[in-house]
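Open the file in your viewer and set it to cartoon. Keep the selection tool at hand.

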Amino acid sequence: NYFWFFTVVFKKKFLVIGANGLIGEAVLKEIPLPHTVYGTYHSREIPQAIKCDITDFNSLQKVFSFVKPTHVIHCANLAGGVLFCEKNPNLAKKLHWEGTIHLGKLAQDYQSRLLFISSEGVFDGKKEKYTEEDDHSPLNVYGKLKAESELWIKKNLEDRWQMIENQLKTKDQMLLALRTSHRSLASNWRTLASQIENLSKT
């Protein structure tokens with residue numbers, strides 16, 4: 001008798017928001033085959049990517065309708081980082097708060113798993129080490145918006161994920177918040193790459 005064992009790989013659709021940025025470009029390279037990957041850009045065009053403004057709900061909704069993603073990785077950021085956000089708080093709020101809420105709501109609608117990349121800026125840096133249980137203590141606009149986005153995601157997506165996990169033993173929603181920044185990107189990249197690999201298996 002011969003027994004054949006097959007490993008079934010379910011092909012998934014990854015939507016990388018802000019694929020033209022520093023983190024987004026690196027994320028594209030980490031998503032393993034055979035999954036399908038779609039990237040978006042806003043101002044700086046990149047080949048084979050979809051133009052999208054996440055602050056415009058209708059624009060983002062069209063992308064979700066076209067891609068129908070199983071997984072969404074939120075890498076969008078503003079050029080200029082913390083200092084730009086400090087000088088342009090209204091624009092920063094539209095991207096980092098309103099844009100994230102738009103993504104979260106559409107992730108709910110399409111039952112997509114969401115990987116949200118946060119920042120060490122949600123803390124004031126007075127402690128040597130922080131954990132996920134520590135209270136937020138941001139010192140600037142960027143950190144405040146990231147902290148508020150984290151709280152919204154945990155309240156609206158994690159509750160949904162817990163409910164389904166408890167009742168149906170599946171995870172239709174997944175929140176993976178990784179705090180990182182350009183300064184610590186190199187040291188945290190292995191962690192992020194590992195999270196993406198794990199996400200592709202769910």
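The stops below go from the whole chain to single residues.

**Whole chain**

This is a predicted model. Colour it by secondary structure. You should find 6 helices and 6 strands. Trace the chain from its start: the order is β-α-β-β-α-β-α-α-β-α-β-α.

Now switch on the surface. The protein exposes about 11900 Å², and carbon and sulfur atoms supply 54% of that area. Of the 202 residues, 43% count as buried. Contacts reach well along the sequence: among those between residues at least 6 apart, 65% join residues at least 24 apart.

**Helix α4**

Select residues 89-109, which make up helix α4. How far apart are its end C-alpha atoms? They are 29 Å apart. At 1.5 Å a residue, the 21 residues should span 30 Å, so the model agrees with the expected value.

Next, centre on Glu-98. Here α4 bends by about 30°.

Show side chains along the helix. Its buried residues include Ala-92, Leu-95, His-96 and Gly-99. Further along, Thr-100, Ile-101, His-102, Leu-103 and Gly-104 are also buried, as are Leu-106 and Ala-107. In an α-helix, residues three or four places apart point the same way, because there are 3.6 residues a turn.

Step just past the end of α4 to Gln-111. This residue takes a positive phi of about 55°.

**The nonpolar cores**

Which residues touch the most other members of the largest nonpolar core? Select Leu-15, Ile-17, Ile-54, Leu-60, Phe-64, Val-72 and Leu-103. The core has 24 residues. At least two of them come from each of β1 (13-17), α2 (57-67), α4, β5 (113-118) and α5 (141-168).

Zoom in on Leu-60. Beyond its neighbours within four places in sequence, Leu-60 is in contact with Ile-17, Cys-52, Asp-53 and Ile-54. Its other such contacts are His-102, Leu-103 and Leu-106, and these three belong to the buried residues of α4.

Apart from the largest core lies another, of 13 residues. Pick out Phe-14, Ile-31, Ala-49 and Leu-115, which are among its members.

**Asn-20**

Finish in the loop between β1 and α1 (22-30), where Asn-20 sits. Is Asn-20 buried or exposed? Its relative accessible area is 10%. Buried means under 20%, so Asn-20 counts as buried.

Show what surrounds this residue. Leaving aside neighbours within four places in sequence, Asn-20 is in contact with Glu-25, Thr-40 and Tyr-41. Add His-42, Arg-44 and Ile-46 to complete the set.

Notes:
Residues numbered from 1 in each chain as written. Predicted model: local features only at pLDDT ≥ 70, side-chain atom pairs only at ≥ 80, totals over all residues. Heavy atoms only, no water. Helix = DSSP H or I, 4+ residues; strand = E, 2+ residues; numbered from the N terminus. Buried < 20%, exposed > 50% of the residue type's maximum accessible area, 1.4 Å probe, protein only. Contact = heavy atoms within 4.5 Å. Areas by Shrake-Rupley, 256 points an atom, 1.4 Å probe, with all protein chains shown as cover. Expected span 1.5 Å × (residues − 1). Bend = angle between axes of the 7 residues up to and from the residue. Core = buried A, V, L, I, M, F, W, Y, C linked by side-chain atoms within 4.5 Å.
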